[in-house]
Amino acid sequence: MRTPYFLLTFVLFCIRRASTAPARGHSEVEDLLTWGEQSGVQCNNLKYDRSREVPGLLATSGILGNSVIVSLPRRLALSVSAGQPCPIPHLVPVQLWSSTNKHLQLALLLLDEFKKGTASKWHPYIAALPTSCDTLVHWSEEELEELQYSTTEHEQHFLQKVKHQVDELQDLYWRLQSSALVTQHNTTYDELVWASDIVRSRALAIASPGGWLSRNSITAAAFAGQVLLRLPFFGQFQLTPQISGMCRMVMFVCVGSVLAGANPQGSMDVALLPIIDSIPYNSSSQGHLQVSRFGGSVEAFLGPGGATAGEQVTAAFAPARNEELLQHRGLVETDNIHDFYMANVLEFVKQTAVDQPNEEQLQEVDKRPALLKALTEARLTGHGWQPATLQALRFLYASEEELQAANTVKPIRWMTQLVQQGQLPTFGYYFAQPQSYHTETRVDQVLFSLCREIAQSKPTSLSDDSAAFTKQQQLGSISCTARQKLALQFRQAYKGLLHRCMLQHDVGGTTAGLA
């Protein structure tokens, strides 16, 4: 019989009260680069600096743009592949492992290495990891309410994801109670949460060595190529060694692609990358990760702007919106170029909008997956709503003449769109351009009214939050806690997107008084 949930929660609460997070400081952080160098990591012109608010790597001299700043041997990446057999069956039951997602699997591997202490080959890396990450799983209900993020369906879904993450951790620890990881290594719930936080905040996706360039695929392709070349058909030709070698290479590529798919690198692994994950997140950075052709190393590239001596190196190897940054990393970027606010525009049109579209067009939207997604998962960025959402709204409010024109194929316009986009135009290409004044006005009214309604549903306005943030900067920690400051920054960011939308689509000039 399954243990009642309230009893599970009570037991875990007692466990958390009796345990502490892994006690590790930054005393060995300086040894991280030394360990990396001894292990084959190449990271020239970099040094670790922990004196800043966000510790990370500094350039010791000028670094050119698009340069490799860190090259990490693949064997030093602590990673998990999709469908990977349990590598620690002596600690974690195989069935439990297979029913757990990749992030928590990696957390279990990290815990195993942490429990090994100095015997782990990753010990210098683990010793340099932060002792805690103040992600949303640690926030109370009252603190989550400070986000003012429960008005719409998408906002509520975000809070549900946070609660699901907590439930997932509690459920996993409960299922681990009889495992050797807990009974022999005395792993606590707080340690599991710590490992999960580290993985969620630092792990990156890298190409798995499971494509046709993997060792197994190369062996299979080479064997198949040899067999094919010995067929009677090829035996009738007198091939020189050079031509025979070229044939084998072509055969290997073709057979390998058939055996393991067109992707030479395979699927994606979730990995902790020592030293590389010490580079602080910066949404405006254009740095990127790349796995070497034969998967021997993971290379971190600096953006095209390069870095000057003494400058902190930053990157956005996994671009994320503020929701994801706050949930998994415990940080917010006020000017996050990857941030967006998601809303269900179609639901607003059906239930709230005064100017209702034609019923036939509403039904047509339900039949077209692309239009439906563009309206139910509409994204508002710093540059405005995504083009697909504007196109879908123009279709929804188009006049009969505009619909007729859209259904009429115009070869010149069609070819122009094909050349510009590099792909076959979809139905919405006609509505990519502004339509009549009447249609554009209706679209503006819908988007303005939607953002105004969401903004007015919040307990505080954007100007209230801006004033509170200014006061906080003047008074510092006296006026609010670190979590209250994060909540304030988060509110400013998404309310700023809503306010810019109202300014952009305000046909009545009323936005000034709504800030």
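The largest cavity has a volume of about 60 Å³, in a structure that is a predicted model. A search of the whole structure returned 1 cavity of 30 Å³ or more. The lining of the largest cavity is made up of Tyr149, Arg321, Asn322, Glu323, Asp339, Phe340, Tyr341, Phe490, Ala493, Tyr494 and Leu497. Two helices, α13 (322-329) and α22 (482-505), each contribute at least two residues to this lining, and the largest share, amounting to 4 residues, is supplied by α22. Rolling a probe the size of a water molecule over the atoms shows where empty space is left.

Charged side chains were examined next, beginning with those on the surface. A patch of negative charge is formed there by Glu359, Glu360, Asp366, Glu400 and Glu401. The elements that provide two or more residues to this negative patch are α15 (359-367) and α18 (400-407); of these, α15 gives the most, with 3 residues. Glu359, one of the members of the patch, is located in helix α15. Residues were admitted to the patch only if they had over 30% relative accessible area and no salt bridge, so Glu359, Glu360, Asp366, Glu400 and Glu401 are not counted among the salt-bridged residues.

Paired charges were considered separately, and the search of the whole structure identified 16 salt bridges. One of them joins the side chains of Lys116 and Asp112, with a nitrogen-to-oxygen distance of 3.8 Å, which falls within the 4 Å limit applied to such contacts. Because Lys116 and Asp112 are 4 residues apart in helix α4 (residues 102-116), they are separated by about one helical turn.

Notes:
Residues are numbered from 1 along each chain as its sequence is written. This is a predicted model: local features need pLDDT of at least 70, side-chain atom pairs count only at pLDDT 80 or more; totals for chains, interfaces and linings use all residues. Side-chain values use heavy atoms; hydrogens and water are left out. Patches are made of residues with over 30% relative accessible area and no salt bridge: like charges are joined within 9 Å, nonpolar side chains (Val, Leu, Ile, Met, Phe, Trp, Tyr) within 5 Å. Accessible areas come from the Shrake-Rupley method with a 1.4 Å probe; for residues, only the protein chains shown count as cover. Lys and Arg count as positive and Asp and Glu as negative; His and the chain ends are not counted. The place of a charge is taken as NZ of Lys, CZ of Arg, CG of Asp or CD of Glu. On a 1 Å grid over the protein atoms alone, a cavity is a set of points where a 1.4 Å probe fits but cannot get out, and a pocket is an open set with protein on both sides within 12 Å along at least five of seven lines; lining residues have an atom within 4 Å of a point. Grid points are joined across faces, edges and corners, and a volume is the space filled by probe spheres set on the points.
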